[in-house]
Structures are given as structure tokens and as C-alpha cells.
Amino acid sequence: MSKGKSTWAASADQQEKELTNKIDKINLSQNVNQSGEPAPAGLKNGAATPTGSRSAGGDTEEEDKKPLSKAEQSLLQKVVRKGLIVNKNDIEVQRKDPNSPLFSVKTFEALHLKPDLLKGVYEMGFNAPSKIQETALPFLLANPPQNMIAQSQSGTGKTAAFVLAMLSKVDTSKHYPQVLCLSPTYELAVQTGEVAAKMARFCTDIDIRYAVRGEEVPRNTKLKEHIVIGTPGKVVDWATKYKFFDLSKITVFVLDEADVMIATQGHQDQSFRIHKQLSPNCQMMFFSATYDKDVLEFAEAIVPNPVIIRLKREEESLDNIKQYYVMCRSIEDKYNAISNIYGVVTIGQAMIFCDTRKTASWLSSKMTQDGHAVALLSGELTVDQRISVLDRFREGKEKVLITTNVLSRGIDVEQVTIVVNFDLPVDLQRRADCETYLHRIGRTGRFGKHGLAINLVDNDASMAVLKEIESHFGKKIYLLNTDDVDEIEKLGN
């Protein structure tokens with residue numbers, strides 16, 4: 001394919017269309033390709049970011065009751081986790097030969113990277129390897145190559161680890177795809193591509209290509225890019241149907257977000273079809289945020305003789321969280337309680353959970369009128385809009401994030417120190433939803449931090465829900481009088 005040239009399909013693969021939505025917030029350069037679309041900065045040989053958008057939500061309150069899909073959770077988690085989290089858990093390593101030496105590195109220099117690649121790593125702000133990187137990278141960069149299965153949560157540096165390995169393994173004298181990275185959705189593939197483009201910014205001889213919906217290649221083309229990052233359906237078409245590249249020449253195969261892949265209909269079978277055509281000498285890297293029975297079986301079928309690395313997730317816990325409830329008579333009472341707390345206590349960033357979109361919208365308007373910097377996140381927003389809202393909140397442009405159940409689980413904003421349950425979480429039978437309660441407030445007590453949870457109770461039914469939650473966790477929830485300044489001041493201690 002000639003440089004800078006890309007054609008766009010009018011229609012896209014139906015399966016991928018149903019699963020994915022467009023990210024508008026990709027950093028695009030101003031140069032324009034043949035079709036009039038801008039090409040993204042950092043990617044070479046016309047690896048332009050595809051187009052196509054679809055709303056993530058509908059117009060009903062039911063949209064706010066639906067949990068995020070695994071793919072949406074993973075995508076939004078990557079958005080809020082731009083920096084590395086601190087995980088105090090130990091890494092577990094399982095090897096074929098438990099007596100073989102276990103190497104780890106404390107500096108990137110110790111990996112003997114190409115100078116331009118090392119420069120790109122430092123340019124991205126990685127001063128020293130994260131816990132997963134210092135253990136995984138010596139295996140990933142070893143000669144002979146080592147297969148790996150790695151489990152760690154978002155924000156631990158796993159994407160940077162496997163992207164660094166991908167870029168290190170490219171032979172730029174060979175002009176055909178040598179590295180293949182599979183992601184379950186369009187957005188997740190683009191996220192990985194952005195990391196690769198940034199890390200390879202000084203490696204001007206490495207070319208990267210997206211294989212995702214909307215990206216089309218003329219018939220009889222042979223791809224010359226070294227790295228292909230795509231979704232399973234598109235990769236199967238390009239490699240097996242149209243023969244744009246030869247899977248048997250792939251030397252590094254990365255399967256990312258395996259737990260999301262399993263949850264996405266058809267992707268597991270397509271991954272197996274791709275895997276069958278790879279060379280027996282191809283290095284396999286398999287990454288997943290979770291590691292349950294289904295993921296383990298999938299991993300063992302894909303990756304022969306692996307080194308297995310597990311970094312346990314920081315658990316959600318109520319141990320470091322002070323829990324309070326406030327008795328209110330009306331929705332205005334609830335608002336006054338929040339205002340009184342904000343007027344006395346210095347709060348970093350807060351999340352406020354409402355039961356309905358209508359309540360969330362009302363609260364957002366009222367707080368904005370009173371001069372608070374507020375962001376609103378609910379089910380009718382597109383994925384693009386959700387990303388924009390979360391970006392601004394993560395950057396501290398808004399101090400309060402008001403949301404419905406759309407964010408009750410799966411997303412952790414690390415700097416949140418207070419969670420307010422404007423409405424307590426209940427299930428369809430209006431009984432206490434204890435799991436959602438833990439997901440909502442548990443995030444404030446992670447990473448060794450101390451958190452604060454305020455529950456607003458306005459009738460007998462919500463009081464019964466509160467007592468059920470208190471009984472379930474065996475943790476007392478204390479009454480707070482928000483009309484008493486001295487009592488509120490104690491929250492900050």
C-alpha cells in the first residue's frame with residue numbers, strides 16, 4: 001500500500017459494528033489522506049484511524065440500570081488510568097522449570113533496548129519499570145523467546161510492557177507484518193495503537209497498521225507494515241480471505257484483553273482460527289485483567305508452555321472507609337446536606353451516585369448554579385462523550401462527578417476521596433444491592449488510602465436498605481448531623 005493512502009468502506013463488519021463505537025478523541029494530525037480523512041500522528045504508512053460512530057445509550061432510564069459491558073469497562077478504565085497505580089501485592093510467577101533463575105530489572109537500561117526505543121519510553125514518562133514490567137520484560141525480550149500469560153488490572157503498565165516487546169522484536173529490514181496484536185474492540189485496538197505510536201515516535205523505520213472496521217485495503221495488496229493491531233474479525237478477513245498478509249510469518253502474537261474477548265460473541269472462535277495458522281516458533285503473549293476458569297482454559301489453548309505472571313488486583317474493601325448516613329426529609333434536604341459538607345470540609349474529588357438520570361440532571365444543574373465544577377455522566381451519552389467527561393474529571397477540571405449506575409462498577413478514578421450515595425443502590429426488588437454498594441464506595445479505600453462515604457436517607461424504605469447494607473458487611477454506618485459544623489469538621493480528620 002502506498003504511503004499516506006487509505007480508502008474507507010461505506011459499511012463495516014456487522015459484528016464489530018454491534019460491539020464497538022467510535023472514539024472521537026484520538027489525537028489526529030492535520031495532514032489529510034486521499035479520502036479526505038485526517039491521518040493520526042505517530043502511525044506510518046497511512047495507518048489512519050477509522051471512522052464510524054454510534055450512540056452508547058438510548059433514551060430511557062433503563063439505560064442507566066444496565067451495567068457497562070466488559071469492553072466499555074476496559075476502555076473507560078484506560079481513559080481514567082493515564083498514570084500507573086501503586087499495587088502492593090506480590091507478583092506470582094509460574095515457570096516450566098521452577099529451578100531456572102528468575103530475573104527482574106529495576107531500570108529500562110538493563111533491558112539493552114535500541115536507543116531510539118529507550119528514548120521513546122522515557123519520553124512517555126516511564127522513569128522506571130512498574131512491578132509487572134520489571135518481571136515480565138526480561139521474559140518477553142529473552143532469546144530464545146518465552147511465551148507468556150499475564151494477569152494484571154488496568155493501570156499496572158501491562159500495555160506498555162507488551163508494546164515494548166512488540167517494537168523490540170521488529171526486523172525493519174523485512175517489509176511485511178511480523179507482529180500481530182489482537183484486541184476485542186475497535187476502541188481498545190486504537191488505544192494500543194496510540195501507545196505503540198508514542199513509544200515508537202523516534203523509531204521512524206517501524207510502520208504500524210490498524211486492522212479494524214472502516215479500514216479497507218485494495219484487493220491483491222500485500223501489507224508492508226511491520227506491526228498489525230486489530231480486531232479478530234477484520235484480521236481473519238485480511239489474512240485468510242484476502243491474503244493481505246501471511247500469518248505463518250508472524251513472529252510475535254499478542255492477545256490482549258482476553259477476558260473481554262471471551263465475553264464477546266464470536267471473538268474466541270476467530271482467535272482460534274488465527275492461532276492455528278501461526279508458526280510453532282511464534283512467540284505468544286496473552287494478557288487478561290481477570291483469570292477465572294474460562295480465561296485459563298482459553299489461555300492454555302492458545303499459549304503452549306507459558307511463563308505465567310499474576311499480579312493480584314488491589315481488593316475493594318470497607319476497612320479504610322468512614323461510612324456515614326444523613327437523615328433527610330426531601331430531595332432539597334439531600335442537596336443541603338451535600339452543600340453543608342462542601343462548605344466545611346476540604347474535599348479532593350467526589351463521585352455522587354443517583355438512581356435516575358432525572359435526579360442526576362437536576363442535581364448537576366443545581367450544583368453548577370451554586371458555583372461547583374460538576375461533570376455529569378449518564379446512560380444516554382455516547383462512548384465519545386463519556387471519554388470526554390472522564391478525561392476532564394481525571395485531569396481535575398471538574399471536582400464532582402455525578403453519575404447513575406452506568407459507572408457503579410468497573411471504573412476506578414484513583415483520586416476520588418469521597419463517594420456520596422444520593423440514592424442508595426437497590427436491586428429490582430428494591431432490596432439493598434450490597435455488591436454495587438461495595439463497588440461504589442470501595443474504590444475510595446483502595447491503594448492504602450482512606451475514604452469517606454456519605455449515604456443520604458430520606459424515608460423508611462431507604463433506612464431499611466441502609467440497615468441491610470450495614471448488617472451484610474458488619475461495618476457500622478454512623479449518623480451524621482450536617483447542620484452541626486463541628487461534627488462535619490471531624491470528617492476531615
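**Helix packing, an open sheet and aromatic pairs**

Helix 15 and helix 16 stand roughly perpendicular to each other, because their crossing angle falls in the 65 to 115 degree range that earns this description. The model is a predicted one. In it, the axes of helix 15 (residues 434-442) and helix 16 (residues 460-473) come within 10 Å and cross at roughly 80 degrees. On the helix 15 side, the contact is made by Cys-434, Tyr-437 and Leu-438; these meet Glu-468, Ile-469, His-472 and Phe-473 of helix 16. Sorted by class, the residues of this contact are five nonpolar, one polar and one charged.

Helix 15 also has a place on the strands. It lies across strand 13, strand 14, strand 17 (416-421) and strand 18 (451-457), and runs at about 145 degrees to strand 17. These strands can be found in an open sheet of seven strands, paired in parallel, with the order 15-16-14-17-18-13-19. The edges are formed by strand 15 (374-377) and strand 19 (478-479), each of which pairs on one side only. A second helix, helix 13 (residues 357-369), packs on the sheet as well, where it touches strand 14 (349-353), strand 15 and strand 16 (400-403). The direction of helix 13 makes about 170 degrees with that of strand 15. At the other edge, strand 19 pairs with strand 13 (residues 321-327) in the parallel sense over two bridges, and Tyr-324 stands opposite Tyr-478 of strand 19.

Aromatic side chains offer another view of the structure, which holds nine aromatic pairs. One of them joins Phe-108 and Tyr-122 edge-to-face, at 6.3 Å centre to centre and with 85 degrees between the planes. Phe-108 sits in the loop between strand 4 (91-94) and helix 4 (115-123), and Tyr-122 in helix 4, so this pair ties together parts that are 14 residues apart in sequence. The two partners can be told apart by accessibility: Phe-108, at 2% relative accessibility, counts as buried, whereas Tyr-122, at 29%, counts as partly exposed.

Phe-286 and Phe-298 form a further edge-to-face pair, with 5.5 Å centre to centre and 75 degrees between the planes. Because Phe-286 belongs to strand 11 (residues 283-288) and Phe-298 to helix 11 (residues 293-302), the pair ties together parts that are 12 residues apart in sequence. Phe-286 is buried, with a relative accessible area of 1%, and Phe-298 also counts as buried at 1% relative accessibility. Elsewhere, ring pairs link Trp-238, Tyr-242 and Phe-244 into a cluster.

Conventions. Residues are numbered from 1 along each chain as its sequence is written. This is a predicted model: local features need pLDDT of at least 70, side-chain atom pairs count only at pLDDT 80 or more; totals for chains, interfaces and linings use all residues. Side-chain values use heavy atoms; hydrogens and water are left out. Two strands pair if DSSP finds at least two bridges between them. Helices (H or I, at least four residues) and strands (E, at least two) are DSSP runs, numbered from the N terminus. Contact means heavy atoms within 4.5 Å. Axes are lines fitted to C-alpha atoms, for helices over the stretch in contact, and angles run from 0 to 180 degrees between N-to-C directions. Angles under 35 degrees count as roughly parallel, over 145 as roughly antiparallel, 65 to 115 as roughly perpendicular and the rest as oblique. Ala, Val, Leu, Ile, Met, Phe, Trp, Tyr, Cys and Pro count as nonpolar, Asp, Glu, Lys and Arg as charged, and the others, Gly among them, as polar. Rings of Phe, Tyr and Trp (its six-membered ring) pair if their centres lie within 6.5 Å; planes under 30 degrees apart count as stacked, over 60 as edge-to-face and the rest as tilted. Buried means under 20% relative accessible area, exposed over 50%, partly exposed in between (1.4 Å probe, protein chains only).
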